[in-house]
Each structure stands twice: as structure tokens, then as C-alpha cells.
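Colleague: Please take a close look at one packing arrangement for me, and walk me through it at residue level.

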2 protein chains.
Amino acid sequence: MKLSPDIAHQLVANGIRLTRQREEVFGILLQKRDHPTATELFLRAKKHMPSISLATIYNCLDALVVSGLVKQVNVNRAPTRYCANLKEHSHFYCESCGTVSDVETPVKKGWSLPGGYTVSQAEVSLRGLCPKCSKTNL
Amino acid sequence: MKLSPDIAHQLVANGIRLTRQREEVFGILLQKRDHPTATELFLRAKKHMPSISLATIYNCLDALVVSGLVKQVNVNRAPTRYCANLKEHSHFYCESCGTVSDVETPVKKGWSLPGGYTVSQAEVSLRGLCPKCSKTNL
DNA sequence: CTAGGTGCAAAAGGTTTGCGGTTAA
DNA sequence: TTAACCGCAAACCTTTTGCACCTAG
């Protein structure tokens, strides 16, 4: 997992230390892009680092989010999920199999909002059936 | 609060009973369109119906959401909020004062998603500064 | 060396569940 | 009448917090 240089740079730029735990969490997020929850990350991290604690997972996630390496994704009525894809994209929650996948954002750039609102962040959440489940449900 | 005919029709169409508690919860949602959380709804409902319980608020919300009278709104890392505005719109979360307001959806209809995804629901969540806070922060 | 991070355990919300009594239809 | 619903309390799950020990810089 040769990612230290990148992550180190980003963390240092935000005055945050690089620790083995943060590397581990970030590495997992890069490995399998399935938007795990904090608890899922905890279980996976324990395989390589049995002594890691859930509180540390949350701490690491905060550090990674603050330094812009990771984004939070919220799906209705479900625990927060995390993702390391920083390109502009939307999240698609499959109502059949529950997976969350990145999809191309079906909207054009240039958000103009009447009424004096200053937009700093936009998130598009989609729900429906993923390609796999669309076929199965025929 | 003369809303029984509408709500009754919608509920009955979904095989759900009209109860005083559900009327109360729906009424509150219509009164002050500030996207309250379940706990906020509970506190407001208790003023007119002191014996109502939080579990009932959740039950009522489920019934209202299932029957399409109310929508759920999720803001990152915050409790679920509810809204009775069924027109197409987005939600704007003000990072300064924490209010959630309905705003015109800055995207055009006709979501076309490549790759075989079937979209059943789309939600656009925006974050930033509301008009009031934009002025204050000058 | 030492500020910041880790691990543990306990607490704090938000939400769900089980159950005896109540009520809309 | 009776299936659905209510209120209560306990359970559940995610997330936060406090604190002693540890470690990256």
C-alpha cells in the first residue's frame, strides 16, 4: 500500500499527523470502492490491525474528511458512508441490493440559485435499481 | 386544522388509518415549514397532545411517508428531517444558522443515467449560506 | 520532548421493538 | 367487533466523549 506520500502531503497541509491507523483507513477506502460505513471500516481494519478501536476509525475519518481526502455520503435513514472518489459524481443507492455506487452526475455544472443563497457544497443522491437488479427484476 | 379530508383520502388509499396523532403530526408539518426532526415534532405535538409518545411520532411519520404525504430530508451527519412540500424542490442547509429551507431545484427535469440504472427518486442537497447569513457575514 | 493521537469504556443521541391497553372503521 | 394503533419502557445502533498511555515529528 504505497500511498504515504500523497496522503502525508494532504494531511500535513492541514496540520494533521500521518499515523498507521489513518493510512490503514484510507487504504481500505481506496481498495474496495463500496462506500463502507464506519462500522464496516472498523471490521475490515481489524483484520490487519486487530487492536484498532472504533473510536479511532471515527477520528481517522474526521481527519481524512477535514483534509479533503475522503467524502461523506448520506443515504436516507442509514448510517453515514464514506468514499475516496473526489471527482464530481453522484451516489446511487440501489433499493434492491442496498449497494451504493458512484454514477456520473446527471446535471451540468454552474449552479445558479436565486434568492441570495451562497452554495458551498452540493450533493445529488439517487435511489432506484442498479443495472444488476434491474435485470433480475424483469 | 381542517385537513382531514385530504389526509384521510391519502391514508385510506394506502390502507392506513386516520388517527388524531397522525393528523396532529401532519398539521405541524404543514404549519411551520422548517423541516423539523422527529424529536422537534415530538416536543411541538406534546403542547396540544401531552400524552403523545416519541414512538408514535416515528410511527406517524412512517405512515405519512409511506402514503406519500411527507418526504424525508437528510442533511449530512444530522438527524433526519421531514417536510410536507411535495413539489419538486431541493433542500438548502445553512452552515451558519443551521436552518433547512426549500429552494428551487437548479436542475432541469429528465434525468438520463447511462449504464442501466433505473432512477426512482432523486434528492439534491445543498449546503452553504442562506440569504440572511450571507448578509451578516459580510 | 510533547502535542496530538490511540484504545478503552462509558455515555449520549436517534430510532426501533415488544407488549398490554385503546380506538378507528 | 377487531385489526390496527397508541403509549411506555427497554433495547439497539451509531457516534461522541473522557482519560491514561503512546508516538510522530
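Modeller: In chain B, the axes of helix α2 (residues 20-31) and helix α4 (residues 54-66) come within 9 Å and cross at roughly 75° (axes are lines fitted to C-alpha atoms over the stretch in contact, with angles from 0 to 180 degrees between N-to-C directions; helices are DSSP runs of H or I with at least four residues, strands E runs with at least two). That makes α2(B) and α4(B) roughly perpendicular, the label for 65 to 115 degrees. This is a predicted model, with pLDDT of at least 70 needed for local features and 80 or more for side-chain atom pairs, while totals for chains, interfaces and linings use all residues. Residues are numbered from 1 along each chain, chains are lettered from A, and side-chain values use heavy atoms, without hydrogens or water.

On the α2(B) side, Q21(B), R22(B), V25(B), F26(B) and L29(B) make the contact (heavy atoms within 4.5 Å), and among their partners in α4(B) are I57(B), C60(B), L61(B) and L64(B). By class, this contact has eight nonpolar, three polar and one charged residues.

Now for chain A: the axes of α2(A) and α3(A) come within 10 Å and cross at roughly 115°, so α2(A) and α3(A) are roughly perpendicular too. Here E24(A), V25(A), I28(A) and L29(A) of α2(A) meet L41(A), R44(A), A45(A) and H48(A) of α3(A).

Within α3(A), residues 38-48, the buried ones are A38(A), L41(A), F42(A) and A45(A) (under 20% relative accessible area, 1.4 Å probe, protein chains only). Because they cover an arc of only 105° around the axis, they sit on the same side of α3(A) (the arc uses directions from the axis to the C-beta atoms). The buried residues of α3(A) pack against α2, α4 and β2 of chain A.

Definitions and conventions. Buried < 20%, exposed > 50% of the residue type's maximum accessible area, 1.4 Å probe, protein only. Parallel < 35°, antiparallel > 145°, perpendicular 65-115°, else oblique. Nonpolar A, V, L, I, M, F, W, Y, C, P; charged D, E, K, R; others polar.
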